[in-house]
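Please look through the structure below before reading on. These are notes for a colleague who has not seen it.

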Amino acid sequence: MWRYLGRRLIQVPLVLVVVSLMTFLITRATPGDPVQIMLGMQTSKEAAEAMRKEFNLDRSLPEQYALWIGKVVQGDLGRSIRLNDPVTSLLAERLPVSLQLAASAMAFALLVSIPLGVIAALRRNSWIDYLCTGYTVAGFAIPNFGLALILIYVFSIQLDWLPITGIGTAEQVSGGLWTYIKPFIIPAIALGTLQTAILTRLLRSSMIDVLSQDYMRTARAKGLLPATIIVVHALKNAMIPFVTMAAIQFGYMIGIQVTIEYIFAVPGMGSAVLNAVVNRDFPVIQGFTLVISAFFLFANIMADLFYALLDPRIRY
Amino acid sequence: MPLLSVRNLQTRFATDRGIVRAVNGVSFDLEEGEVLGLVGESGSGKSVTALSIMRLVPEPPGKVTADSLTLEGTDLLRLSEADAREIRGSRMAMIFQDPMRSLNPVLTIGRQLTEVLRRHQKLSGTAARRRAIELLETVGIPMAEKRLAAYPHQFSGGMRQRVMIAIALSCNPRLLIADEATTALDVTIQAQIIDLVKRLQRERGTSVIWISHDLGVVAGLCDRVNVMYAGNVVETAPIRELFHRPSHGYTLGLMGSTPRVDGSGTARLTPIEGMPPNLIDPIPLCPFLPRCRVSVPACQARPPERREFGVGHWASCLADLAK
């Protein structure tokens, strides 16, 4: 187990080097000059040169990468060209917001998918199962930004129940629990619906598989109560693939919430990356991509650990 | 009064192609402390009979009816599902064919054993644990205390079946149903499990229904045998009587296709030709007739009635094999 974990952790830096190299090359290969975008067309050549020099942009590509990664190893992700702030402090400001949004979306996904998946499996081919199928198909089909706009129209504009923005503002953080939660609701639903669909479908099918196993008949033959049979005997087995998938999806969410953050004006990683891409803010793009990738890798390792934790037959 | 009384048990399943009559009018009594064998080939209705008695047939698609089905005077078919749960695992218990898959892979042996004790005997955690250790020792599992924390995959097939037996006997049931309990095991392990069941049955006076397609296993264990074919009991007899004077064409066929250890039978095994009948269509004559080697002209004319061939020996056959 620990050896396996060690092996997996050793792989992490290797993967991150490859990711960073690719990000680096893609940013340099796309047209657009950060300095020119930053300073505008009318700036003097000297000023532009000075700025290039400051951010090492006058050096050759291998040199640029070597200088950057040398700093990264020491925990320094460089400075934003546009904002002139260290990328790490930008990260410290943005990352918690993104994590909160991802966590609330995942909470929504779990809250819906666990009961829905279980009931759909238990009442197979009933109206509730068909409802569940319809919901998952819709969840797969609708893009999150489309859903976001519909939710905004219905719940914010027509009904005026929930605010559109407000995540990360001073009032939100200093208010009570409800004030804190309220602005998360619509973004969480918009962001988490796809995961809800994925997880519901997964739980339904693994639950159906488990229910047909011989040990379920044994459980019934013991005269156990239905709640014990479903929760202890069935769900504990069916949760193994579910938890693994949920962990992977959580890592994935940090990376895909760009549009949602943009729509709801969330000051998170996604909107920061989007701005950085528009402005060709290379250090921010590279630093944030690195952190998002690290999260994804971490989520995958967590998924494997959960797997071993839940299934006594798995030993790494 | 017999421990278990079954009269005209019928279990049907609704399928897309029609109603399957899996059990079609089974009647028998099981006395206190008796070991009854239920033999027959796959699809003869042995397992469905057992599941019907245990009230484990899913309804729908299944439908269980009987003129009477009583355990110690309790009408099993009149019980609500909640009342049936109280009896299952306590007054009647069942062990299944494949011990590899009958235990829950993600729960410890201790958990799977103690949960029955806590449910039916309302034992506390420590009392249930102590009892579980005793039970594991009873069924011959060494280092029982340590093994409580183990998972099923850490046990061999024979050991798992011992655990299943411990679970089934944990609440001292009056009736134990074993459905092909040794079929998936090695022959040496089979013998051990049979000895174990025999010993526990004698010690506790439990009545046992032993389901098997293997006449040899049944011969070593049972007092009496019901031979089943196409959802019916076609012959019932005390074990010696059955082997000495098989009185149904199907029983004769079964014996001809079973190897004998004592070498007294013919060296060559004779398979029963053909396939068992489709249980969707009504069967007006003897269901075994198309495959029978000893049929008489009367078989073509009328369905066979139940006839007595000796003390406690009945068969639904028109050919007078015993004479």
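The points below cover a pocket, a bent helix and a group of strands.

1. The model is a predicted one, and every remark here should be read with that in mind.

2. The largest pocket has a volume of about 940 Å³. Its lining is made up of 26 residues, and those closest to its centre are A:Leu122, A:Arg123, A:Leu211, A:Arg220 and B:Pro58. By type, the lining residues are 16 nonpolar, two polar and eight charged.

3. Which helices each supply at least two residues of this lining? From chain A they are helix 5 (87–122), helix 10 (185–211), helix 11 (214–221) and helix 12 (226–256), and from chain B helix 2 (81–87).

4. Helix 10 of chain A deserves a second look. Its end C-alpha atoms are only 34 Å apart, whereas a straight helix of 27 residues would span 39 Å at 1.5 Å a residue. Helix 10 of chain A also has a kink of about 45 degrees, centred on A:Gly192.

5. In chain B, is strand 11 (residues 232–238) mostly covered or mostly open? Five of its seven residues are buried, so mostly covered is the right description, with buried meaning under 20% relative accessible area.

6. Strand 11 of chain B pairs in the antiparallel sense with strand 10 (residues 224–229) of chain B over six bridges. Within this pairing, B:Met228 is opposite B:Val233. The hairpin that the two strands form has two residues between them, and B:Ala230 there takes a positive phi near 50 degrees.

7. Strand 11 of chain B also pairs with strand 13 (residues 313–315) of chain B, again in the antiparallel sense, over two bridges. Here B:Glu235 stands opposite B:Ala315.

Key
Residues are numbered from 1 along each chain as its sequence is written. Chains are lettered from A and ligands numbered from 1 in the order in which they are written. This is a predicted model: local features need pLDDT of at least 70, side-chain atom pairs count only at pLDDT 80 or more; totals for chains, interfaces and linings use all residues. Side-chain values use heavy atoms; hydrogens and water are left out. On a 1 Å grid over the protein atoms alone, a cavity is a set of points where a 1.4 Å probe fits but cannot get out, and a pocket is an open set with protein on both sides within 12 Å along at least five of seven lines; lining residues have an atom within 4 Å of a point. Grid points are joined across faces, edges and corners, and a volume is the space filled by probe spheres set on the points. Helices (H or I, at least four residues) and strands (E, at least two) are DSSP runs, numbered from the N terminus. Ala, Val, Leu, Ile, Met, Phe, Trp, Tyr, Cys and Pro count as nonpolar, Asp, Glu, Lys and Arg as charged, and the others, Gly among them, as polar. The expected span of a helix is 1.5 Å times one less than its number of residues. The bend at a residue is the angle between axes fitted to the seven residues ending there and the seven starting there. Buried means under 20% relative accessible area, exposed over 50%, partly exposed in between (1.4 Å probe, protein chains only). Two strands pair if DSSP finds at least two bridges between them.
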